[in-house]
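User: Hello! I am new to protein structures and would like to ask how the terms are applied. Could you show me one and take my questions?

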Amino acid sequence: MMRWIAPFRSAFGRPMGSVAGGWLVFLIAVAVLAPVLTPYDYDVQNLANAKMPPDAAHWMGTDEFGRDLLTRILYGARTSLTVSTVSIGLSLMAGLTLGAAAAYFGGWFDRVVTTVVDLTWSFPEILIALILVAIIGPGTTGTMVAIAVAYLAQFTRLTRAQILSLKSETYIEAARSLGASHKHLLFRHLIPNALAPVLVAAMLATGDAIILEATLGFFGLGAQPPTPSWGAMMSSGAAQLFSAPWIILLPGLALTLTVIAINLFGDALISALDIRTKLRDA
Amino acid sequence: MLGFIIKRSLLLIPVFFAASIVAFLLIHLVPGDPVDSLLTVGSPPEQRQILTERYGLDKPLVVQYGIWIWGVLQGDLGTAIIMRRPVADLMADALPHSIALGASAFIFYTVIGVSLGVTAAIFRDRWPDRAIMTGVLFGSTLPSFWLGLLLMLVFSVWLGWLPVSGARGASSLVLPVLTIGLGGTALVARITRVAMVETQRKDFVMLLHAKGMHPLRIQLLRVLHHALIPVVTILALRIGFVLGGAITVEVVFARPGIGTLLIRGIMQHDYPVVQACLLMLSTAVILGTFLGDVLQALMDPRARASLT
Amino acid sequence: MTKHHRHLWAGLGLGALLSFSAPVMADELVAALKGAEVGVSTYDMLKAINSNVASTLIYDPLIEQNANHGYVPALAESWEEAPDGLQWTFHLKKGVKFHNGVDFNAQAVADWLAMFKGTDFEYYLGAVKEIVVVDDYTIRLDMTRPDPNLLYNLSTPFGGVMEPGARKADGENYGLTAAVGTGPYKLESFAVGQETVLVRNDDYTWGAANATNTGPANIERIRLREIGEASTSFLELQTGGVDMLLGVPQEFLSEAAKLPNVKLMTMPDQEIWYLVMNVTAAPFDDIRVRQAAALAVNRQAIKDNLYGGAGNTPSTFMISSLPEEKVADQFRIKFDLDKAKALLDEAGWVAGADGIRAKDGQPLKITLWTQSDSNFRRVTEVIQAQLKDAGFAADILTFDSATIRDQYKAGTHQAAVRSYFYDSATILDWFFGGDRLGYPNISMFNDPKAEELRKVAMTGSKTGEEFTKNFIAYHEYILSQFPFAPIYEPVGNIAFNADRVIMPETINSPVFQRAAIMDLKLAN
């Protein structure tokens with residue numbers, strides 16, 4: 001367990017990493033605590049109070065239905081974070097399995113996996129996602145599967161490359177000659193050793209997934225109203241660009257800060273891991 | 001070398017067919033067909049069947065695919081069911097807009113990205129390097145549709161300098177190009193910087209330094225020249241994404257183009273439009289990858305060995 | 001091919017750069033089409049599935065509608081229907097010429113009607129057994145059955161008379177590079193998705209009498225621009241790039257009113273928003289629950305808060321300008337939350353602590369389907385909140401417009417927010433006819449009494465008065481069964497630069513089209 005905590009601690013130790021990590025922890029906290037933090041409901045409309053600019057009662061103003069925008073941004077964080085982590089988690093597991101199996105077994109299996117995966121790579125992810133949501137049906141499930149499929153290629157490729165380079169290392173050869181089973185080799189030796197870069201990639205992909213979720217929301221897909229989603233909030237805000245620009249600005253700001261934080265933290269993590277490797281080599 | 005290119009291009013054929021199957025299946029798997037959108041008030045109940053047969057949608061999927069791909073191979077992309085025009089015409093109308101946007105953005109991020117990367121590498125580990133690389137990271141993480149709307153708000157609504165959207169005149173290109181360009185800049189700048197830094201460590205560079213050549217001359221003439229190889233390879237790979245990368249931005253700025261055409265096609269289930277556009281986008285990426293591979297092989301014989 | 005080259009240059013920004021600051025010509029009206037009319041693919045009216053105001057300027061129909069949806073003579077001077085409804089005779093205007101100089105006569109009409117065969121509009125003439133040229137200026141349609149839609153269909157833009165020879169000669173290009181009718185304007189150029197340029201037909205003297213000016217038109221050239229994005233078209237009006245917006249989106253109305261020189265006017269529209277309930281699926285298989293939902297929709301609140309007070313609060317299924325909308329007052333559906341609650345109590349749905357009603361331990365939960373674009377989501381979110389006030393817990397499910405039609409066919413839906421564009425009473429037959437269950441009859445309403453009234457209205461109406469009377473009876477019965485609840489009736493908002501455009505005082509057509517443009521003038 002310690003070997004997974006150490007780089008995180010190290011990443012937090014860097015200045016950029018601590019700011020970014022701090023924001024992410026803060027965001028997760030307010031998303032979880034949203035019902036306690038805000039006196040408003042995210043779904044109760046007050047049409048008479050619509051499109052009020054930010055003031056003491058509504059720190060971020062109200063939306064076109066008179067709902068408190070801050071409250072909706074907090075609940076929107078739940079949607080963004082859940083959808084992105086679940087979908088990347090799904091994608092990661094599938095990618096690890098496929099990539100590892102392709103690299104380990106090689107041959108025609110490898111070729112089929114690589115071709116199929118390369119093929120999904122060649123279609124713009126937003127289109128794949130749009131069509132998959134239409135196939136699977138409305139709601140967050142469709143969005144999650146769509147995002148998972150969109151990033152599958154990346155994880156599969158990365159895992160495959162990692163395993164391929166590990167496969168030829170002497171200790172694997174040794175274990176195999178000692179009669180270790182496929183399962184043992186894959187799950188005990190290969191995957192754990194290939195994991196670090198794939199996990200960092202997954203962390204960075206979570207940022208992209210948040211954007212993709214928001215983009216789908218912008219196209220009217222994903223979380224069903226009145227459940228807030230940053231993308232959907234921005235899409236309805238686009239119509240109020242002149243009269244109530246905060247409806248589009250503020251959710252976008254929350255989204256941007258989060259994605260930047262994820263990237264900065266990911267970068268810090270990469271540096272941390274590099275140092276660790278160097279230390280070990282030394 | 002020629003043998004490698006021939007071998008590699010033969011591989012493109014099955015990939016193209018696989019892509020066409022995916023493009024065809026994806027949109028046909030979506031529940032619902034375009035016919036309901038064509039039913040107008042007052043048409044008799046049997047009209048649905050008549051139209052389904054007229055557009056060949058009653059045939060088995062395999063047959064429909066066969067008819068379509070046979071047409072495509074002969075240069076006939078079919079006629080849009082809802083948009084009612086030959087798909088080739090629709091694409092011919094949309095493509096110039098997408099190419100104008102994509103190419104401008106491509107040039108924008110290549111020029112800016114390489115300049116920033118070179119500057120960062122020259123000032124490696126000093127403050128200009130840090131400032132550029134952090135700035136570039138910020139640029140790359142902004143979600144394009146929000147950035148687009150933000151730019152629109154500032155430059156069009158508040159300042160009134162540029163048109164909000166549409167595709168009238170060169171000024172309407174500025175905001176969309178900026179929106180796409182900022183994201184691409186990060187990638188190019190990062191790669192340029194890494195390639196430069198690696199080259200800086202090479203023996204011949206050390207030698208030039210020892211000979212007393214001016215450091216800036218070394219950087220700009222020799223290091224950059226050498227470092228451009230991986231940058232060009234990556235850019236070649238990116239060419240395929242030029243069109244597909246503009247989709248969201250086209251929609252946000254309400255620009256005509258392949259992206260808006262495709263989104264409209266998907267929403268209306270206009271099969272021939274979606275199939276043709278998807279196939280074109282994916283073929284562009286496949287060809288871009290091919291181009292990248294060939295360039296890489298030309299420049300680095302070891303890669304050729306690993307690819308064949 | 002030249003066309004594509006031109007697009008290519010425009011797309012690369014070079015051509016566009018050169019023509020960028022082209023001044024607005026003094027005798028040219030530049031108007032931006034309204035959102036719903038953007039995206040017309042061709043002016044071949046037998047291929048197009050949507051039309052815009054330009055089609056009503058290029059082509060004249062045989063008959064036109066006035067503001068009250070009464071029929072006025074256009075290319076047909078008069079017409080009569082045989083007492084049994086099995087024969088229609090049209091007497092045509094004399095001295096009319098198509099844009100290419102070809103004479104307009106009975107043979108031209110017959111050839112034009114013959115072209116319907118094999119197109120998606122063939123059903124327009126589905127009841128026509130034979131087209132008979134009686135003499136040069138008389139044409140007769142012999143029918144297999146009476147067709148209540150015939151006159152209406154002939155009066156729409158799709159009934160615009162095309163010159164048969166030109167359509168045949170131009171083949172695939174007809175409707176794109178050329179379009180030949182008898183209308184007050186000729187097609188000069190059409191860049192699909194961008195703009196249509198029209199020039200005045202100086203020979204035009206046969207305009208229908210719903211305009212004061214029967215020809216030629218006052219304005220020499222009209223440039224109709226397609227600007228998909230609402231905020232852009234608004235900015236164009238602001239900066240003088242267009243003289244007129246034929247549709248001002250709701251969110252820009254207050255902004256537009258602030259602009260100096262800009263005047264706003266409203267025109268009736270053809271759209272109704274409504275909530276449709278599946279009468280075969282619980283809980284809406286109980287008429288009291290349907291009625292309760294219908295009464296819980298607060299139309300005034302929607303009009304005031306979502307649409308800034310513009311538009312109408314409909315109480316029936318039809319747009320307010322139709323005579324068949326004039327049902328007896330007791331059938332009109334109006335907001336009454338107390339009665340809605342009482343009806344739900346009566347049906348056994350008792351209010352729980354959280355306001356959601358329940359019956360036998362089952363909460364009053366429904367799913368509310370809607371389409372994924374932001375307009376639909378907006379209205380549906382308000383309906384969801386209003387239904388909650390009455391005790392419904394509604395979950396929203398969004399689909400794209402093509403998928404949702406397919407999903408209706410499964411019949412598993414409970415309720416949906418929808419809108420339709422149409423301005424004839426036969427819309428009832430389309431959406432509530434028992435032979436189109438699933439889609440378009442989403443309510444799954446199939447009731448013997450309704451079917452009988454429908455049959456009388458559709459096939460038993462000999463005259464205009466009978467048509468209205470029969471459709472009112474059918475309409476009233478449907479209203480009494482609550483398979484739907486009206487939500488909102490939009491109006492068309494037009495904004496124009498008063499320094500440039502002189503608007504006629506009255507416009508005697510259902511929407512802003514030929515009749516309005518004929519009387520329009522440009523200030524000099």
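The questions and answers below go through the helices, strands, salt bridges and interface of this structure.

Analyst: Welcome! This is a predicted model, in which local features need pLDDT of at least 70 and side-chain atom pairs count only at pLDDT 80 or more, while totals for chains, interfaces and linings use all residues. Residues are numbered from 1 along each chain as its sequence is written, chains are lettered from A and ligands numbered from 1 in the order in which they are written, and side-chain values use heavy atoms, leaving out hydrogens and water.

User: What makes residues 2-29 of chain B a helix, and which span is expected for α1(B)?

Analyst: A helix is a DSSP run of H or I with at least four residues, a strand a run of E with at least two, and both are numbered from the N terminus. Helix α1 of chain B has 28 residues, so it passes the cut-off of at least four. The expected span is 1.5 Å times one less than the number of residues, which gives 40 Å here; from first C-alpha to last, the helix reaches 41 Å, close to that value.

User: Why are some residues of α1(B) called buried?

Analyst: Buried means under 20% relative accessible area, exposed means over 50%, and partly exposed is in between (1.4 Å probe, protein chains only). In α1(B), residues including Phe4(B), Arg8(B), Leu12(B) and Phe24(B) are buried. An α-helix has 3.6 residues a turn, so residues three or four places apart point the same way.

User: What makes two strands of chain C paired, and in which order do the strands of the open sheet stand?

Analyst: Two strands pair if DSSP finds at least two bridges between them. The open sheet has five strands in the order β18-β17-β19-β13-β20 (chain C), with mixed pairing. β18 (393-399) and β20 (484-488) of chain C are the edge strands, each with a single partner, so one side of each has no neighbour in the sheet. On average, neighbouring strands are turned by 30 degrees against each other, direction ignored.

User: How do you know that β17(C) and β19(C) pair, and how many bridges join them?

Analyst: Two bridges join β17(C) to β19(C), which run parallel, and the rule asks for at least two, so they pair. β17 (residues 365-371) also pairs with β18(C) in the parallel sense, over seven bridges. Leu368(C) has a bridge partner on each of these strands: Ile396(C) in β18(C) and Ala415(C) in β19(C). On β13(C), seven bridges lead to β19(C), and these two strands run antiparallel; there Glu271(C) stands opposite Phe421(C). β19(C) is mostly covered, with six of its seven residues buried.

User: Why is the pair Lys34(C) and Asp269(C) called a salt bridge, and how far apart are the closest N and O atoms?

Analyst: A salt bridge is a side-chain nitrogen of Lys or Arg within 4 Å of a carboxyl oxygen of Asp or Glu. Here the closest N and O atoms are 3.9 Å apart, so the pair counts. Lys34(C) is in the loop between β1 and α3 and Asp269(C) in the loop between β12 and β13, so the pair ties together parts that are 235 residues apart in sequence. Asp269(C) has a relative accessible area of 10%, so it is buried.

User: What makes Arg200(C) partly exposed and Asp202(C) exposed?

Analyst: Arg200(C) has a relative accessible area of 21%, which lies between 20% and 50%, so it is partly exposed. Asp202(C) has 52%, which is over 50%, so it is exposed. Their side chains meet in a salt bridge (3.0 Å, N to O). In chain B, by contrast, Asp93(B) and Arg85(B) are both buried, and they form a salt bridge at 3.1 Å. Over all chains the count comes to 44 salt bridges.

User: How do you put a size on the interface of chain A and chain C, and how much area do they bury?

Analyst: Buried area is the accessible area (1.4 Å probe) that two parts lose on being put together, summed over both. For chain A and chain C this is about 1900 Å², 57% of it on carbon and sulfur atoms. In chain A, Leu47(A), Pro225(A) and Phe242(A) lose the most area to chain C, together 31% of what that side buries. Contact means heavy atoms within 4.5 Å, and 22 residues from chain A and 23 residues from chain C take part. Three salt bridges cross this interface. Arg67(A) forms a salt bridge with Glu381(C), with 2.6 Å between the closest N and O atoms.

Methods
Axes are lines fitted to C-alpha atoms, for helices over the stretch in contact, and angles run from 0 to 180 degrees between N-to-C directions.
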